[in-house]
Amino acid sequence: GLSGVRQYKTAGHGVPMRWLVVVSLGFLAGGVLGALATGTVPDATLRWAFVVYLCILLALVVFGRKETPALAESSDGTAPSAPALVAMGLAGGISSGFLGIGGGLAITAVGAGLLGIRQHRAQMIGLAISTLPLTAPAALVYLQSGRPMPWWAIAGMLPGLWLGTLLGAKAATRVPPERLKAIFALLLGIMALLMAVKAWRG
């Protein structure tokens, strides 16, 4: 994760530390809420919830607010407000705790689709948040509910995640913002379709 964050920052897509701190606070709260909520939900419902979630994110990206090229931390009111950043983190945290995913998809879609943050910057925020141990409280909720933690699977995925993040960040920083947003939307659509087929088959 850190290698990808460094790649985005080097390419000029860094974000103010204050944004990351505020988003992190929302993510922490959302992660715990999502993990608590999933305890009584059947697997079939979770699968369809994942499909609906992906479709909502796709709609945000396709029909949401146009990105604001000048959006940066400044004194002229162009920076996202603290409540907006908290909501951004909350959306990522809830999706992470409830659906068991990283939350970066929601952070990127809300940032680019609702807040008008440039696509590269929105993805940088999602990636940066994923490098922090913010899912630990939600994971603790799962452990306390008696669900086993697949430690070996997690350890086995780490090298692939590290390499994939680095290569993905290198590729993304070389793609124009509008094209990157189109690719992001396409991936969301493909994921939604695949998950819908899986949910339909049970």
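User: Phe-50 and Tyr-53: buried or exposed?
Analyst: This is a predicted model, where local features need pLDDT of at least 70 and side-chain atom pairs pLDDT 80 or more, while totals for chains, interfaces and linings use all residues. Residues are numbered from 1 along each chain as its sequence is written, and side-chain values use heavy atoms, with hydrogens and water left out. Buried means under 20% relative accessible area, exposed over 50% and partly exposed in between (1.4 Å probe, protein chains only). On that scale, Phe-50 and Tyr-53 are both buried.

User: How many aromatic pairs does the structure hold?
Analyst: Rings of Phe, Tyr and Trp (its six-membered ring) pair if their centres lie within 6.5 Å; planes under 30 degrees apart are stacked, over 60 edge-to-face, the rest tilted. By that rule, the count for this structure is one.

User: What kind of pair do the rings of Phe-50 and Tyr-53 make?
Analyst: The ring centres of Phe-50 and Tyr-53 sit 6.0 Å apart. The planes are at 35 degrees, so this pair is tilted.

User: How far apart are Phe-50 and Tyr-53 in helical turns?
Analyst: Helices (H or I, at least four residues) and strands (E, at least two) are DSSP runs, numbered from the N terminus. Phe-50 and Tyr-53 lie in helix α3 (residues 43-63), three residues apart. Because of that spacing, their separation is about one helical turn.

User: How many helices does the protein chain have?
Analyst: Reading along the sequence, you get the pattern α-α-α-α-α-α-α-α-α. There are zero strands in the protein chain, and the number of helices is nine.

User: What share of the 202 residues in the protein chain is buried?
Analyst: The protein chain has 202 residues. Buried ones make up 41%.

User: Among contacts between residues at least 6 apart in sequence, what share joins residues at least 24 apart?
Analyst: Contact means heavy atoms within 4.5 Å. For the protein chain, taking pairs at least 6 apart in sequence, the share joining residues at least 24 apart is 84%.

User: How far does helix α2 reach, first C-alpha to last?
Analyst: The expected span of a helix is 1.5 Å times one less than its number of residues. Helix α2 (residues 17-38) has 22 residues, for which 32 Å is expected. The reach in the model is close to that, at 31 Å.

User: Which residue of α2 lies 8.5 Å from Ala-87, C-alpha to C-alpha?
Analyst: The buried residues of α2 include Trp-19, Leu-20, Val-22, Gly-26 and Phe-27. One of them has 2% relative accessibility, and that is Phe-27. Phe-27 belongs to helix α2. Although 60 residues separate the two in sequence, the residue 8.5 Å from Ala-87 is Phe-27.

User: How far apart are the end C-alpha atoms of α4?
Analyst: Helix α4 (residues 82-99) has 18 residues, which should span 26 Å at 1.5 Å a residue. Among its buried residues are Ala-84, Leu-85, Met-88, Gly-89 and Gly-92. After α4 comes Gly-100, with a positive phi near 75 degrees. The end C-alpha atoms of α4 agree with the expected span, being apart by 25 Å.

User: What is the C-alpha distance between Pro-83 and Gly-26?
Analyst: Pro-83 lies in α4. Its relative accessible area is 60%, so Pro-83 is exposed. Gly-26 is one of the buried residues of α2. Pro-83 and Gly-26 are 57 residues apart along the chain, yet the C-alpha distance is 9.1 Å.

User: How many of the twelve residues of α6 are buried?
Analyst: The end C-alpha atoms of α6 are 17 Å apart, which agrees with the 16 Å that its twelve residues should span. Its buried residues include Gln-119, Arg-121, Met-124, Gly-126 and Ile-129. The helix is largely enclosed by the rest of the structure, because its buried residues number eleven.

User: Which residues of α9 do Gln-119, His-120 and Gln-123 meet?
Analyst: His-120 lies in helix α6 (residues 119-130), and its 4% relative accessibility makes it buried. Outside its neighbours within four places in sequence, the contacts of His-120 include Tyr-8, His-13, Ala-172 and Thr-173. On the α9 side, Gln-119, His-120 and Gln-123 meet Pro-177, Leu-180, Lys-181 and Phe-184.

User: Which residue has its C-alpha 9.1 Å from that of Leu-163?
Analyst: Leu-163 has its place in helix α8 (residues 151-172). With a relative accessible area of 43%, Leu-163 is partly exposed. The residue 9.1 Å away sits 159 residues apart along the chain, and it is Gly-4.
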